[in-house]
Structures are given as C-alpha cells and as structure tokens.
Amino acid sequence: MTQDTNVRISLPAVCFVWQIAMIILFGVFIRYNYESDTHWVEYMAQQNITSNIENDFYYRYPSFQDVHVMIFVGFGFLMTFLKRYSFGAVGFNFLVAAFGIQWALLMQGWFHSLDYTDGKIKIGIENLINADFCVAGCLIAYGAVLGKVSPVQLLVMTLFGVTLYAVEEFIILSVLHACDAGGSMVIHTFGAYYGLAISWVLYRPNLDQSKRLIGSVYHSDVFAMIGTLFLWMFWPSFNSAIAYHGDGQHRAAINTYLSLASCVLTTVAISSVTQKKGKLDMVHIQNATLAGGVAVGTAAEFLLTCYGSLIVGFCCGIISTFGYLVLTPFMEKSLKIQDTCGIHNLHAIPGFLGGVVGAITAAAATPSAYGEEGLIETFDFTGNFKNRSPNIQGGYQAAGLCVALVFGIGGGILVGLILKLPIWGDPADDACFDDEAYWEEFCSVKHFTVCIVFTFHFEKMNNLGPSFFT
Amino acid sequence: MTQDTNVRISLPAVCFVWQIAMIILFGVFIRYNYESDTHWVEYMAQQNITSNIENDFYYRYPSFQDVHVMIFVGFGFLMTFLKRYSFGAVGFNFLVAAFGIQWALLMQGWFHSLDYTDGKIKIGIENLINADFCVAGCLIAYGAVLGKVSPVQLLVMTLFGVTLYAVEEFIILSVLHACDAGGSMVIHTFGAYYGLAISWVLYRPNLDQSKRLIGSVYHSDVFAMIGTLFLWMFWPSFNSAIAYHGDGQHRAAINTYLSLASCVLTTVAISSVTQKKGKLDMVHIQNATLAGGVAVGTAAEFLLTCYGSLIVGFCCGIISTFGYLVLTPFMEKSLKIQDTCGIHNLHAIPGFLGGVVGAITAAAATPSAYGEEGLIETFDFTGNFKNRSPNIQGGYQAAGLCVALVFGIGGGILVGLILKLPIWGDPADDACFDDEAYWEEFCSVKHFTVCIVFTFHFEKMNNLGPSFFT
Amino acid sequence: MTQDTNVRISLPAVCFVWQIAMIILFGVFIRYNYESDTHWVEYMAQQNITSNIENDFYYRYPSFQDVHVMIFVGFGFLMTFLKRYSFGAVGFNFLVAAFGIQWALLMQGWFHSLDYTDGKIKIGIENLINADFCVAGCLIAYGAVLGKVSPVQLLVMTLFGVTLYAVEEFIILSVLHACDAGGSMVIHTFGAYYGLAISWVLYRPNLDQSKRLIGSVYHSDVFAMIGTLFLWMFWPSFNSAIAYHGDGQHRAAINTYLSLASCVLTTVAISSVTQKKGKLDMVHIQNATLAGGVAVGTAAEFLLTCYGSLIVGFCCGIISTFGYLVLTPFMEKSLKIQDTCGIHNLHAIPGFLGGVVGAITAAAATPSAYGEEGLIETFDFTGNFKNRSPNIQGGYQAAGLCVALVFGIGGGILVGLILKLPIWGDPADDACFDDEAYWEEFCSVKHFTVCIVFTFHFEKMNNLGPSFFT
C-alpha cells in the first residue's frame, strides 16, 4: 500500500549514466554522412550534381518535422486524457523519446548505416526520421502501461524496446527484404504487442483501487484531441517520410490521407450506434479515427489504389471502435491485460491488418500495373533480390509480420519480467494514474479535490441542479 | 422543449451509406495522376525531367500540411471558445472535414481533373489541397450554426456545400477565368454567405433560453487561441498553396504575412478604444486578427505590393472588429441572423473586400510592372484567354465575386429549408451550445455545474471576495 | 496602490500611429526581391536557371513556417504557465510579434538588403525568417517582465529592441563577419540581457503583494507544455533556417536535434535529484529542456560533431536547471532582478555558452576536416575576408559575443529608464500577473476565485480529504 515511489537516486543515475554512454558511443561511432558533411560541395562536383536541392534534406525535412510533431505532441497529448496524469503523459513521453532517439541512432546505425571502410555510422536526415520511427514503437508500448509505471521503468522499457526494434527491423527490411514504409509491422505491430506483453506480466489485480482516477475530465479530453489531430493530420507524412523519392512519397501521402478520412466516418458510425441515445464517445473519436493511418502503413507506397485505401480505413474504423467497446474490457477481465490507452485497438489490430494488406497488395502486383521500372523501384527488386517475383514478395511480407509479432510478444514478456523486480519505484495500486507520485505538488490538486468533494455532496442534495439557472 | 436529439439511427446510417458510396465512386472514378503513379519514372524519361524533385509533391507538400493543420486544428480549435461545446467544435469539425474532403475530391475532380481519354479523375497533391480548400468553405458555414445543429445536419450541409462549391469554383476559375489563389471569393465569401443564409432560415426566436452557455470560460478561450494562432501562422501557406510555382508562391506568402501582421495591430486598437477602460476583448483577438489573411486571398499572387498588403490588413482589422461590436448584435436583432462565431465579420466582409481588392489589382496590372512574361503567367493569359487585357480581367474578377455571393446566399437558403425539416435531431432552444446532447456524459459536467452554482451563491454574499486573500 | 491601468488612449494611439508609419515606410522602401517578383521568369532565363525549384522559397519555406510556429505558439504558450495570465501571455506575445516583424523588415532591410541602385529594400523569404528571428529577441525579453508591464510598454520595448537588434546584428554578422546561424549571440544573449536589464531597472520591491498569482495551476502547466514542445521540436528548423543551402542546413538540423535530446535527460536528472523525493518540477521540464537548442545555435552549421552536440546539450541541461533552482531566487533577492520566466537560465547562460562554443569550434576548424571548399563556404571566407584564418575567425566570434552583451545590457538599461516613466499604464504591485488588468472580464474569474476560497476553507477542516473517496 505504501509502496515507495522515490526515484531520487535511480532516475538521475539512469539519466546521467546513459547520457554519458551515449556521448562516448557517439564519439566512437557516429559521423555526418556525405550529405551533411562539409565535403558535400566536393561530392556534388564529383557526381555532377548541379544543385543543392538534390540534397536528401530537401526531400525529407518537411516530413521529418511532421513526424517529430507526431512523436512529441501527438503521442504526448493523446495520452493526456486522464484527469490527473497529464504531466506524466506529456513529460515522460518527452523523456523517453529524447533518450530513445539517441539510442536508436546507434542501434539502427549499426545495422543499416555502418560504413565498413571506417567502422563509423554515417547519419543524415533519413536516420533522424528512422530514429523517430523507432521511438514511436516504444511510445505505443507506453500507452499500455500509462499511469502504472515509474519513469525509470519507462527508460528501461525504451532501452530494450529500441534494441529489439533495431533487430526485428533489420530482419524484416534487410534479411527478408520486406517493404514497410509506414511501419504497420515494424512499428505498430511490434510496439503494441511489446507493450501488451509487458502489461500482461505487470498485471495488477487490485488496480480498481485507483479507479477514481481512471477517466477524463472535460478539458483533459480537449487536450487529448490536440494529440489526436496532430497525429491524424501528419500521418501522411509519417507513411511517406522514408518512401522512395518522387511518386513513392507522393502516393504514400495520398493513400494515407484517404484511409484516415474514411476511418473517421465509420468510427463515428459505430460509436453512435452502440450507445443508448446515439451519443458519441470521446474515447473512440480520440483513438479509432487513427486506425486507418496505421493499417495503410505497409502498403502506402504500393499501388493500393485510392478506393483500396478507403476500404482499409472503412474496416479499421469499425474494428477499432468495436475493440474499445468489447475487446478492452474482455482483455482486462479474461486475459489479465490492462491496456490503459487501448493500444490493442489502435495499433495492434490495425498494424496486423496493415501487414496483411501489404502482403496481399505486394503479391497482387503486376508489371502491367506498375510498369517494369516502377515494379523494380517500388519493391527494390535489385541486387540479390532482382529475381524475386511479386508473389514471393507477398510471402516475405507475411513472414515479416510474424517476425514483428514474435519480437513484440517475446521481447515484451522478457522485459516485463525485468520490470517486475521491486526496485523501480513504481506506484502502489491505489496511487496509479496520479501525477502526485512523480511530480512536485501543484496548487490545483487540492483545489481539484475539494471541487470533487463538493460535487459528491451536492449530488445528494436534490434542491440544486441545472434548473437553478433558469 | 423536449426535442429529441437522438441520432442513433440517422447518424450511423448517413456515415455508413455515404462512406460506402464514396468507396464505390472512388473505385469507378479516381486514379493516381502521372506524378503519383509508378509510371512517373517512365514519364520522367519521356519528358527529360532529370530529377524527382521536379515532382509537384515537393513544391506543394509543405504547404499542404500547413493547410491541413488549418482545417483540422485551426478551424476546430477556433470554435472551442464556448464553455461547454468544445467537443462539438473539435469533433464535428473533424467529422465534417473528413467526409467533405472525399466528396470534394470527386466533385472538384469531375470539373477540373477529369481525363477525357478514360473518364477517370487523376489526383495528386494539388487535388488534396483543393479538397481541403473546399471543406474550408463548409467549416466557415459551420461557424454560423455552431451549437444549434445536429451532426447529421452538418453532414447534409457539407454534402450540398461541397457540391455548390465545386460548381461555383468551376464557373469562377474556369468559365470566367478569374484568379483566386487564396479563395477570398471562392472559399470565404461563398462559405460565409452559405452559412449565414442557413442560419437565417433556421432562426431560433427563443435561443436566449440557452444563453447561460453562450460565452467562454478562461481555459476555453486559451484553447480557442490555439485555433487562432495556427490559422494565423499558416495562412501564408493557405494563400500560396496552389499559386504558381516560383515567384507566385513566394509572393503570395509574403503578401499574406504582411497583411496579417498589420491586421493584428488595428484589431487591438479598435478592441481597446471601444471598451470603457481600454481592456481587450478576447473575441476580437481570436477572430478579427485573421481578417487580413482572408482579404488578401485573391490578390495574394498579384503584384499587390508590400504596402498594399499592409493597407488591406489595416482596413480589415478595423472593419472586422467593428463587425463584432456592432454588426453581429444588429444582425441578430434586426435581420434575425444568429451567427455564433461571427463569421460575417471574419469571412463574409473580408472575403468580399478581398474579391474587390483582387479585381482592382488585376485591372491595374500593366506589362511594365509585371513584365510581358510575368503578366501572362500571373493571370494565365494563354489559350482562349490570350487576348484578354488586365482591365477586362478586373471585370471578370468582379463577376466572379458576384457568382460566389449568389451561390452562397441562394444555396444557403435552399439547404436551410432542407435542414428545417423536423427529422434531423437538432437540439431544443434550451439545449443548444451543450455537448451533453451528442456526447457521452463526462464526469466534469456536474462538477462544472456545481462550481457555477457556488459562484452564484457567493456573489450574493458580501463578506467574501478578493480581499479574502490579502 | 490604485495605479491606473487604463490604456484606452495610449494603446490604440500607439497601434494606429505605428501601423500607419509602417505603411508609409513600406511604401517608400520595401519591394519584392528578384525571387518573389514577376520578373523571376526573366531572371531564370538570364541566369540559365532551369527550374522554379531553385527559387530560395523552396529551400527555406518549410523552415520558415516552423520558425513562425515557434514565435507565435512556442513563445506564446510557453508563457501561459501562470494561473491567471494566459491571455496576456499569448495575446501580448501575438501583438508584440506582429508589430515587431514589420519593424524588423525595415530595420534589418536598411542594414542588410538595401539595393543601392534604387534605394529600396528587396525582400524575400529569408527576410521574413530574419524578421521572425529579430522578434524572438524581444519575446525573450518579454519573458523577464511577464505580468508586470502594460501592452504599451511591451510595444515600446519592441520598438527599441528591434532597432538595437538590427544594429548589433549588423556589427556582429557584417562588420565582424562572425557566423551565428541559430543566433546564440545575436538573438538569445542579446534578448535575454536586454530583458534582464529592463527588469532590473523596473524592479518592484513589493511584488510579493501579488504572490498569490505567481505559480501555475494544473491545466496552465499543460498549456505551457504546448509551447515547450513546439519550441523543442522546431528548434532544428530555427537553427538551420538561414544556414547555407545543402550540407549547412542539413548539419545544423542534426546538431540541434542531438543537443536538445541530450539536454532533456540531464534536465530530468537534476530536477529529480534536487527534490526531496525525487519528484520532477514542471518548471524545469518546461524550460531547461530547451537550453540545448539555444547553446548549439552559433556552432550548428560548423563541424561541431555529433558527440560535441550531445556534450553541449548535456552541460546546458545541468546548468540551466541549477539556474532555476539557485540563480533565479538569488538574482531576485540579491541583484534585484525579477525574472518571471527565468530567461536568465534558458536564454542568457545558454546563449553565452553558445557563443563560446561557436568561437572555440571556429578557431579549431582546419582545412583537412572541412575540406578547402567546405571551409570557405562554411565561414564565408570570400571577398574582404578571404585571407581570414579559422583562428582569427574564433577571435571575431568572441568579439561578436561581447557586442551582443553590451547591446543587451546597455540598451536594456536605457529602455528600462524610458519604461519607468509613469505614463504607460502598468499595473500596481498587487495587480501584477492578473489578466483582469487588460482583458475584458470573463465569467470564470469569479468562479475561479470562489473555488480558491473554498480550498482555503476546507484545508482548515480535517474531516475532508482524499480519504473521502475510498
């Protein structure tokens, strides 16, 4: 009951030691790549590049900034819906992401950007985007355990999450040579199952002791809508950020735009039809409207067709909203998985579907539809993979999905066991979802409490109510 | 009094049926254009395009994302100022826009992007921007009826609004060959008069029964400033998003930037000078500061000159603020037009002025100022229009403004009559501006009510007040 | 005590007169440059430019919009943390910036963009960015006096601030030929010391009369996090916005990204380790996390190296957080400098450090590291400066830092004396930090007051408390 949430030693220690380790590792390994180095001007002359605008920076920087907003404002504010956990939502999201992007630059660098001539990782704008992507996986996982873990646990979760991510990404993208521009498999499926597995291991049977703090207040829901909207608006940038230059990025943005639009309408439809008086539930609007972006991730740069994108969004809005209505309570009661933000409905199912859609779309690709050159470029059928056919590619896409699942669930269970150790300063069951555990006292908490006390009092008195105003 | 706001059948039905219709129509009509298709690489070879950066995507995508933010966060949050209608403001804005952009892609596509060789609409990034623009017109109209209509009515309003928009846009831009890069006429004049006409038809004589909910609370005003600022900041992108590549986009951004800056100062001046103690009114700051962006829309890519832009903003700040002070109350009392957000002051008048400024600037254009080539490019004096003179162009610009007005008022009256049917689940007069009608109960409402009750109580007691603190 | 905050004459007068002056000066001086003028198409032909994408607009517009967001949403919302000064924070920030960017276009134009052939200032997108930068300096200064000055004083502060900025910028960048892409010296050091000097002159010995309003409430802290995050996320754009095309912009973005990430971890570490139970302080998270972006400004486009950026962020997070813990109270008590937002810790120290880092990095530059051409391009060793060596450049960088300091402190004292005149309508000591002074009454203020009253009452009663819920 009186569990100790004091992190005065562990949190600073972890932050300091890990940050110093980052500095050392960056010093040993990380260098600018040819596009961000001062030798770029010589490189241009060598390669007959006539204009600075050919620097990858100009192809990707606007998308990068949009992705950056999704990571820090999007994910951060989406989780502010709880009435007394807004600081933890935005603040720990900030901390975790800031550490995660550094570690991701190293981990992904070793696998993808290592220059074997000098043993250095050469980074440019695309690495920054990939680091943001990698962190997105860990932030998704945070959604499952929101309010129930300490910041130290979150940092540990991120350390292992980024590591696992880099390995599964390498296997899926490089070994299996699957495509996953928007990360339905690599980011969403992996991240969601990673978080759900951790939440399952950390199951708290007496969590209803803090049920007074589960749920939102009016303004916390409006704050959460800031997160929802920035995620929704910038998702086309997310799915197109590392797609191929030219038509690849262009098409990925269009497909995502359409899928998301479609998803909103079916979310509203299901939310309304399942409530007694047809009223809408803010939880659905905040979350299920985003499922279309998740599910179109893998296939975003394929010829999914415009109506195909709409169909994906259509289905995901329905499935995701039903998930919030049916699956989340079921999982909590029967499977003992407490999923604070419902990431199973927003990331796990749509991510899985996205992987399946990607596999089908890839398998159905034909040279007549894509053009000979277009087919080769879209699926990168070059080098060792130049004889691969779309059918086979579909199979490898499906294999990639399985890898993401295995890494998510397996890694989550292992990391969950580590996080179960009683050394991390996590809150007691009756102190969950409360910023007081990890944030300095703020004057409004008592004010807030008193107002709620009054509410209780006055509900018992019958002579007061809305009629009072008229 | 006990009007039924149950939309449990109508809302899901409309969402489902329309979304399925969208999927079918997209399947029949919508395809990727040559810049978003996998054949782009072949097209490049044919046309001797040497670099992917020439894809229109890279010219327009950053502006597109800014416009997207304006539509969803800008318009959505601008309307959150009401103390208990923030969910409706952000949520219905989201729903309406998500449907509208799909329908707009079709309607605008039939008029502007139809490929007559195969009967398909070919879409790319510019179509997405235009769809966002089209939806902006409907969201402006939403501002006039905010809090007084059901989501089903809003969807119907959007269906007809987008249709009318596509027709008037075709007449103004293609038939009359008027220019309107930032949509002063096509978007703002049309949208505002469309909304005002609907509000006039739906006049509620007993709306003061819910006057306790008209007005803001402290934090709802801060939320609304999020909307204001994102609209204000990204308006240069709005006005330049579909301007001509190169100097056209560049100049449109500069002109808008300047007009908006100027507008802020005169808004503050009028707001202060008209209040007893020189205090500022948040309503003016939230709205009239944006009028400069509206009014510079048509002429943004012309040689309006930098000081011309400042003058436009200067005048609009004054006119718009006086509109809030004088016109809105007058219109409500005498013209029976209840305009919740004051769109008459923010969009109708500045939009009209923008059309006039555009006509004058066009008529005053000379080859010496623009350069021969510049004149042709700016006004697109090519093809059938190659012999048109700037003077004549000015006349056609003015004609375009009339078309926007006629479509707005005429269309609004017709659609208003449809929306007057007693089948749409709109709220009773005493239940307007209240999220309770269409949103699941949230714990804070009662809390909120109780606090207001206390406020009333304590105002009657004289022994409590700010002196209590000292 | 009953000081008059009536600005009904002064505020509108200043706004009107200054805006009219802007229009006249713009009419006389400001013109479009060759990239935003309709003659661009002819210019392209002359210069053999083959594509519109070579227009500087496409290199800088995405960064410009990010900077614009930082100025209006970033700075504005960062200052909303006070419980009852959110309107003043966002609203006056808006007013000041809107005036400042116009005046900055003129002042900076005279020094940097004057075309001597016709005596006109030719503006393009880079001038808009520089105007935003210039205003940033004044908004930093606003942070020191937040809640204690009238809007008229702020406008006067901005008028002089922009003027001083343009002069010191000219001396540092043109005369001394120092580099300062992200403005550690030119913007942050100058702006912070300008504000601190003003605050020192305007010292209020009895400010604790309004101490009930110093501090935040729960939701005002969440609003402030919006400001923090948009500043944090878009800082890479800030530091790269006017860097050299190509690798310069690319590298500046990477360095800033890394420094900021590192800064978050050390901020959290120090915030936690210095509180009794290891809890985090929202003030530190909101502010000190940004210090890394400030300190990497000057050296952002140099070969600072990736680990060098991490080290800069590492140190700044520590120093800045200690600043909030130790220096701010010390400065208030001993130096009589009341620094509402703690700009000394967020801008002054990190800005100074940034200047030092820049000088060292420049002095350490070698042709072998940068490449011959790269060295010349990075430091612009051309024209009169073609024989300058990196060592000498380091000295000039240091000299630039001194210029920024002198202008900041000297200018601030002078402007402070002007602002001390009893004609500006500033609030009495017991009415500071209160929106009521300059904003129309909003219903929630009384509600808010009453709730606080209740809080006081109930704290005295022992039979109520959190246990009430269980």
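The legends below describe three close-up views of a predicted model.

**View 1. Helix H15 of chain A and its buried residues.** Helix H15 spans residues 372-379 of chain A, and A:Gly374, A:Leu375, A:Thr378 and A:Phe379 are buried in this helix. Seen down the axis of H15(A), the buried residues fall within an arc of 105°, so they line one face of the helix. An α-helix has 3.6 residues a turn, so residues three or four places apart point the same way. The cover over the buried residues of H15(A) includes, from chain A, helices H9 (247-273), H13 (343-363), H14 (367-370) and H16 (390-419), and, from chain B, helix H2 (40-47). Just after H15(A), A:Asp380 adopts a positive phi of about 55°.

**View 2. The rotation axis relating chains A and B.** A turn of 120° with a shift of 0.0 Å along the axis lays chain B on chain A with an RMSD of 0.0 Å, and the two copies are thus related as by a three-fold rotation axis. Among the residues of chain B, B:Pro62 comes closest to this axis, its C-alpha lying at 3.5 Å. The copies use different surfaces, in that 13% of the contact residues of chain B recur in chain A.

**View 3. The surroundings of B:Asn345 in helix H13 of chain B.** B:Asn345 is found in helix H13, which covers residues 343-363 of chain B, and B:Asn345 counts as buried because its relative accessibility is 0%, where buried means under 20%. When its neighbours within four places in sequence are left aside, B:Asn345 is in contact with B:Ser320, B:Gly323, B:Tyr324, B:Leu327, B:Thr328 and B:Pro350.

Note on methods
Residues are numbered from 1 along each chain as its sequence is written. Chains are lettered from A and ligands numbered from 1 in the order in which they are written. This is a predicted model: local features need pLDDT of at least 70, side-chain atom pairs count only at pLDDT 80 or more; totals for chains, interfaces and linings use all residues. Side-chain values use heavy atoms; hydrogens and water are left out. Buried means under 20% relative accessible area, exposed over 50%, partly exposed in between (1.4 Å probe, protein chains only). Helices (H or I, at least four residues) and strands (E, at least two) are DSSP runs, numbered from the N terminus. The arc is that of the directions from the helix axis to the C-beta atoms. Contact means heavy atoms within 4.5 Å. Copies are superposed by least squares on the C-alpha atoms of residues with pLDDT of at least 70 in both.
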